[in-house]
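Trainee: Please take me closely through one part of this model: the packing. I want the helix contacts and the enclosed space in one account.

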Amino acid sequence: MIRIEDVGKRFGEGENLFEALKSITLEVEEGECVILSGISGSGKSTLLSLIAALDRPSSGKIVVEGELVSKLPDLHASAYRAKTIGVIFQHFNLIESLSVEENVIVPLINSGLDMPAIRKMAEQSMQRASILHKASQDVASLSGGEKQRCAIARALVNDPKVILCDEPTANLDRENSLRFIDTIQKLNQAGKTIVIATHDPLFEALPFESRVIHMADGMIGKHGE
Amino acid sequence: MIKQFIGSAAFLMVVTGMAVGHYLSADKISHKKAFSDVVAVTGIVSPSLSTAFYEPAFLGEEIEHPASPQMQSLNRMEFVYAE
Amino acid sequence: MLSRSPFLHFLTLLLFKQKSKHLGIMSISVVMIALVSAVLFISSSLQQTLQDTLDEQADFTVTRIEAGRPVSTPLAWADRIIEIEGVSQVAPRIHGRYFYAPREESFLVVGIDFFDEQGSKALESLVKGIDLKQFFAEESMIVGEGVKAFLQKHYYKDTFSFKTPRGQFKKVKIYEVLPGSLNLLANDMIIMPIGLAREIFGLKEDEVTDITFNVPNDAEWDNVIGKLHLVDYEIRVVEKREVEKAYENLYNYKGGIFLILYIIALLTLMLILYQRYAMVYSHERKEIGILRAVGWSIRDILKLKFYETMILVMSSFVIGTVAAYGYVFVLGAPILIEIFLGGANLENQVQMIPEVSFGTLGSLFLLYAVPFFAAVLIPSWRVAVIPPKEAMR
Amino acid sequence: MNEILLSSEVIVYLLSEALLYLLLFIAAIATLGILKGWNFDRFTKRQFDLENRSYLVMSIIFFVLGLKMLLLPYFAYTIDALSLLVPGAMCAAGVIDANDYGSPLLLLKIIILFLSGLWLGINRLDLEEKHYPYMKLKSWFYLLLFILLSAEIVLDILYFTHIETTNPVSCCSVIFGEIGGNSLPLGLDIPKLLILFYLLYALLVLIVFTGHYLVRIAASLFFAMIAYYSVVYFFGTYIYELPTHRCPFCMMQAEYRYIGYLLWGLLFTGTFLAIESAVMEGIFGRDALKLKKISIGFLTLFVLLCSSYVGLYYLKNGVLL
């Protein structure tokens, strides 16, 4: 469960002050799929990074799975990310010089598991994201859709409760986008909490139960539709 | 750990081992004996540095021209032109 | 098992995938380490060899000086020195440098005595199968390798004609050549019967170059020196401890100069390193941003950087020293050895006895590793704390 | 410039110390900034920067501590090497005594190692918590440490620039010898010293798993002191196999297979871990079972190693010295 209370985020100071988020309050139930929609600059990306503890709010509280993540020291924030969160970025953010499998194991390196266990988990995850057949191929040689699936495999490898997607279909064609939605649906059915920030109209009408939240100017608009 | 790393680490160890082996197997005693013999025969322990005639060739020897330091020193020549 | 550690797996993976990133630094470091350790190896080997010979050296040497420079010493002194209490093994010596004028090169000519029992025994073990009687009877000499090579080059096959100060020529047969392993001491050496040497240097019957003797009891040393000065006003005494001191300084000084050069080179390396790590390429930044975004902490990143640096430092150090070892003790340090031997006289090809001082290697390691890590530390931290969102942009 | 400053060990040593000091200085400035601006309840960028900066401080201290641990034996090695240049000195003992700075410097080095180890312990505790509870404590602690480190580098420079190569110093046989040297403390003689040594060791083993923290710290320190005297005045003579040879430094030379480094290393780390475990349990209420086990292991090894020299000597020669 994600609980966001009165969260604001400001960048800069004085004349350059920019309020990316203004007093957001939101709750996402466990197993729910929430679509944050809105044009770029509406603050949905910022909100996602706050949930992932990649950044800290300027005010307010964020509680994810019972953990107060709005004010975590780095060591705990990263442990929280490694344990609870799987992130899929818009630009995939893969390490280009490594192969698919090597990219997928990255979140587990500091988990305390040994190498064989990690390999096994990576294999399962790649299976789920249907990229196992390219496991030993370098990421640089993959197509956009394959990179996306690699990123999904990486996000799933630690079996997170919460999956965050930042503009997941921005760099994909329609066929791959539909495929991605398909994957999301499966994950949702498996009980994952999913938050997607997107302005892709495809997500306005998903074939499964979801809640669309419109964001504009750092504020939340109407709930659901 | 990946194979390349293990390979290079093993290579490094082998090379180091070879150097250590060479070091340990070097015959120092007979070498030392030979040097002692030379000293016992000649009584001279000056290293055979390839120095010029007017440079110091004996350890601890000071060579200087008393009047003009740049000139060849007087005391280097007396072996040839001794009275 | 180490090989099951995911951290090590990932660390080595990154190292090898991005080897081009480290290759430059690595090769500069290896060259530097190799050069410096080669110098240190050479000097410690030479120094050690010379130190070892010191045991055989006589405690005192006396010569006569005239107007501040040594001149031939009267043999009569020897009898007076024997009378001093506590003195043993008094030996008059004749030796000196013979100058070969046409090439401005010189040999060290040493006259030895047939009646010196210890010396004869040593000579027998040095030159296998020597017939002492024959050697002392004819006008023959034993020469060092360098001398032999020099004579060969100037077409003196079996004999060499010395020119005495009286203007006569003295033809001397080459009896034997000393083994090359002795080149550090004996390269330019010519050993001949004492009478022959006296003739070549033009010394009178009652004259020698200097007189050596031992004083087994150290406590007597100062006392003996006092008595020596009563023998003659023109006496000059050289003590063994002075020679010892000279040995220490001989290559220490050169090592010291090299150390200073090395420090300069090291500062340059530090600057390069600092530059290299401070100038973070965007893909490196992005990589670290990704690592942190998927759950690596700042501490994990610092750990990664630390181990990465450690592997670089260790492996370049090992490669450098082992290469230097091979260069010095297997190949005989061509070129570099010239700095230590000089190149003005007979060409010398010294065989070095492997001698490694682990203390010196430890010093070298500290001197290399400390600045290396220090230069990398702050830039690594800088990269590690960039907020992941910013880093991935 | 004298010969001392030109010897390569001294150059290497001083250069390393100076470099480390530079880093420590940076860390001190960062720490001052942290002390001035730290407020974990604030959400500002400045606070965020300070948290990042604390990572710099801890990396520097970690790195410096690791190297200081290498540099302490290296320091011993350096002064041992200098004994060739200083007339009268047979080993490091004479060189350390060459001027008034040597002994305080050595003591300060050991204290600094102890304290910085403790600092790292506190730092680990601090990181485990979610709100940096010991940030102020460890910052002030570091500033104290920094003052000591500054004193150390000043002493380093004073020490090495004031070693005379012309005045003969006393060698270890004079400093620790029977005539005129400093005799045993507390009016002990050798048998009493040994009884105390083994008793204190037994006491340490017995109380380490109890809760008497202050007693444990006191006992460890006392044991370290008694162990030092026991090694110098009793066990050392068996290492050297010479009843009159009393020296804490000669055993670091190659003739004795560098055993001194191992011996002192075991004693120092063992004592340090014993104290650290007591501090962790007593002040911070943490479980330090692992530390205690390692500490007792090290001290036991130390005691066994010391005793084995006596035992082996007896087996070989059938008599005691």
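Mentor: Contact means heavy atoms within 4.5 Å. By that rule, chains B and C share the most contacts of the four pairs of chains that touch. Chain A and chain B are not in contact, with their nearest C-alpha atoms 9 Å apart. Chain B and chain D do not touch either; there the nearest C-alpha atoms are 16 Å apart.

The model is predicted, so local features need pLDDT of at least 70 and side-chain atom pairs count only at pLDDT 80 or more, while totals for chains, interfaces and linings use all residues. Residues are numbered from 1 along each chain, chains are lettered from A and ligands numbered from 1 in written order, and side-chain values use heavy atoms, without hydrogens or water.

Start with helix H14 of chain C, residues 358–384. (Helices are DSSP runs of H or I, at least four residues, strands are runs of E, at least two, and both are numbered from the N terminus.) Its axis and that of helix H12 of chain C, residues 298–330, come within 10 Å and cross at roughly 150°. (Axes are lines fitted to C-alpha atoms over the stretch in contact; angles run from 0 to 180 degrees between N-to-C directions.) That makes H12(C) roughly antiparallel to H14(C), a label for angles over 145 degrees, with roughly parallel meaning under 35. The crossing is right-handed: the near helix is turned clockwise from the far one by less than a right angle, and anticlockwise would be left-handed.

On the H12(C) side, the contact includes Ile298(C), Leu302(C), Lys305(C), Phe306(C), Met310(C), Val313(C), Phe317(C) and Thr321(C). On the H14(C) side, Leu361(C), Leu364(C), Tyr368(C), Phe372(C), Val376(C) and Trp381(C) are among them. By class, this contact holds 18 nonpolar, four polar and one charged residues. (Ala, Val, Leu, Ile, Met, Phe, Trp, Tyr, Cys and Pro are nonpolar, Asp, Glu, Lys and Arg charged, and the others, Gly among them, polar.)

H14(C) also packs against helix H2 of chain C, residues 19–53. The axes come within 11 Å and cross at roughly 155°. H2(C) and H14(C) are therefore roughly antiparallel. This crossing is right-handed. H2(C) brings Ile25(C), Ser29(C), Ile33(C), Val36(C), Ser37(C), Leu40(C) and Phe41(C). They meet Thr360(C), Leu361(C), Leu364(C), Tyr368(C) and Phe372(C) in H14(C). Nine of these residues are nonpolar, three are polar and none is charged.

Now chain D. H3(D) and helix H6 of chain D, residues 135–161, have axes that come within 13 Å and cross at roughly 30°. The two helices are therefore roughly parallel. H3(D) passes H6(D) in a left-handed crossing. H3(D) contributes Ser54(D), Met58(D), Ile61(D), Lys68(D), Phe75(D), Thr78(D), Ile79(D) and Leu82(D). H6(D) contributes Met135(D), Lys138(D), Tyr142(D), Leu149(D), Glu152(D), Asp156(D), Tyr159(D) and Phe160(D). The classes are ten nonpolar, two polar and four charged.

Next, the enclosed space. The structure holds twelve cavities of 30 Å³ or more. (A cavity is a set of points on a 1 Å grid over the protein atoms alone where a 1.4 Å probe fits but cannot get out; lining residues have an atom within 4 Å of a point. Volume is the space filled by probe spheres set on the points, which are joined across faces, edges and corners.) The largest has a volume of about 200 Å³. Its lining has 20 residues, with Ala53(A), Arg56(A), Asp74(A), Arg292(C) and Phe48(D) nearest the centre. Helix H2 of chain A (74–84) and helix H3 of chain D (45–82) each give two or more residues to this lining. The largest share, four residues, comes from H3(D). The lining is 13 nonpolar, one polar and six charged.

The second largest cavity has a volume of about 90 Å³. Chain A lines it with Arg81(A), Ile85(A), Gly86(A), Val87(A), Pro107(A), Arg154(A), Ala155(A) and Asn158(A), and chain C with Ala293(C) and Val294(C). Strand E6 (85–88) and helix H5 (144–156) of chain A each supply at least two lining residues. E6(A) gives the largest share, three residues. Six lining residues are nonpolar, two polar and two charged.

Conventions
Parallel < 35°, antiparallel > 145°, perpendicular 65-115°, else oblique. 1 Å grid on protein atoms, 1.4 Å probe; cavity = no way out; pocket = protein on both sides within 12 Å on 5 of 7 lines; lining within 4 Å.
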